[in-house]
Amino acid sequence: MYLKKLFFLFFVATIFSYGGGVLYSLDFTKQKDGDAKAWLRSKGFKFLLNANALSMKFSGGKLVISTTGNKAAMIGVKFPVGKHLKNIGSVKIEWGVDRFPKGANWASGNNRLAIGALLLLGTEKLSSGLPLGLNAAPYFLGPFIGEKESVGKRYFGKLYKEGGRYYCVSNKSAGATVVSNFNIDQKFNQAFKKPTPPLSAFAFQMNTKNTSGGAQAFIKKITFYSK
């Protein structure tokens, strides 16, 4: 997942402190239709792996991400030291999948997805499973929308077994808008049996490697809440 690269990204984030426990929110629904890459970069998003090869556009109040090929891509931001989201409780993501990659199936070991989030917590470096400490990264949780996966089930990736956990939050049919309320604090406590560190970074990923037909997904809004 190349999380080490994401972790070192610099993002000067705007932190919200409205009533109701909102720590940070990013809303794509009010953007005018058109290419989204310049706007995303202006907001501090960094493009990793094959992200530059993906189509990213605003359309109908959505950030639409798509590819027709086999790509592994991530766009992410990192909160500067001193602005990590402390007392993190949960995240609400409004998103969906228009086209799932054919052949993606976590149960059979083909851990591919049309859209997923990565939520990095703290700064402690944990092994990726590669030798010599290569690509060590902080703890992370990865909610994603699956097609064949079981909703609510916790999955492990091929790497980052020490500090990474993935969760299918929906397997609704293509085209449906999904509102995912993901309890970060609860999931972290259950998985790692320790207090939840502050949120230090987050990203969205698409991976169609070893699949066919490409993928298309959309995101409307992401909001982080305190406990």
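Colleague: Let me start with one side chain: is Lys 227 buried or exposed?

Modeller: Happy to begin there, and do keep in mind that this is a predicted model. Exposure is read from relative accessible area, where over 50% counts as exposed. Lys 227 has a value of 57%, so the residue is exposed.

Colleague: And which residue does Lys 227 form a salt bridge with?

Modeller: The partner is Asp 185, with the closest N and O atoms 3.5 Å apart. This pair links distant parts of the chain: Lys 227 sits in the segment after strand 14 (215-226), while Asp 185 belongs to helix 3, 42 residues apart.

Colleague: Is Asp 185 itself buried or exposed?

Modeller: Buried means under 20% relative accessible area. At 16%, Asp 185 is therefore buried, whereas its partner Lys 227 is exposed.

Colleague: How many salt bridges does the structure hold?

Modeller: There are 3 in the structure. In another of them, the side chains of Lys 194 and Glu 124 meet at 3.7 Å, N to O. This pair too links distant parts of the chain, with Lys 194 in the loop between helix 3 and strand 13 (199-207) and Glu 124 in strand 8 (residues 113-126), 70 residues apart. Lys 194 is partly exposed, at 29%, and Glu 124 is also partly exposed, at 41%.

Colleague: What about Lys 30: which residue does it form a salt bridge with?

Modeller: Lys 30 pairs with Asp 27, the closest N and O atoms being 3.3 Å apart. Lys 30 has 68% relative accessibility, so it counts as exposed. Asp 27, at 23%, is partly exposed.

Colleague: Back to helix 3, then. Which of its residues are buried?

Modeller: To read a helix, list its buried residues and see where they point around the axis. In helix 3 (residues 184-192), the buried set is Ile 184, Asp 185, Lys 187, Phe 188, Ala 191 and Phe 192. These residues lie on the same side of helix 3 because they cover an arc of only 165 degrees around the axis. Notice that Asp 185, the salt-bridge partner of Lys 227, is in this buried set.

Colleague: What caps the N-terminal end of helix 3?

Modeller: That is Asn 183: one of its side-chain oxygens lies 3.3 Å from the backbone nitrogen of Asp 185. Just after the helix, Lys 193 takes a positive phi of about 55 degrees.

Colleague: Now the interior. How many cavities of 30 Å³ or more are there?

Modeller: The count comes to 2. For each cavity, look at the volume and then at the lining. The largest holds about 50 Å³ of space. Its lining includes Phe 100, Pro 101, Trp 106, Arg 112, Phe 144, Glu 147 and Glu 149. By class, the lining of the largest cavity divides into 7 nonpolar, 1 polar and 3 charged residues.

Colleague: And what is the volume of the second largest cavity?

Modeller: About 40 Å³. Among the residues that line the second largest cavity are Ala 51, Leu 54, Met 56, Ile 65, Phe 204, Gln 205 and Met 206. Strand 6 (72-78) and strand 13 each supply at least two residues of that lining.

Colleague: How do the residues of that lining divide by class?

Modeller: The lining of the second largest cavity has 9 nonpolar residues, 1 polar and no charged. The lining of the largest cavity, for its part, has 3 charged residues.

Key. Residues are numbered from 1 along each chain as its sequence is written. This is a predicted model: local features need pLDDT of at least 70, side-chain atom pairs count only at pLDDT 80 or more; totals for chains, interfaces and linings use all residues. Side-chain values use heavy atoms; hydrogens and water are left out. Buried means under 20% relative accessible area, exposed over 50%, partly exposed in between (1.4 Å probe, protein chains only). Helices (H or I, at least four residues) and strands (E, at least two) are DSSP runs, numbered from the N terminus. The arc is that of the directions from the helix axis to the C-beta atoms. A polar contact is a pair of N or O atoms within 3.5 Å; within protein, one must be able to donate a hydrogen and the other to accept it, and residues adjacent in sequence count only if both atoms are side-chain atoms. A salt bridge is a side-chain nitrogen of Lys or Arg within 4 Å of a carboxyl oxygen of Asp or Glu. On a 1 Å grid over the protein atoms alone, a cavity is a set of points where a 1.4 Å probe fits but cannot get out, and a pocket is an open set with protein on both sides within 12 Å along at least five of seven lines; lining residues have an atom within 4 Å of a point. Grid points are joined across faces, edges and corners, and a volume is the space filled by probe spheres set on the points. Ala, Val, Leu, Ile, Met, Phe, Trp, Tyr, Cys and Pro count as nonpolar, Asp, Glu, Lys and Arg as charged, and the others, Gly among them, as polar.
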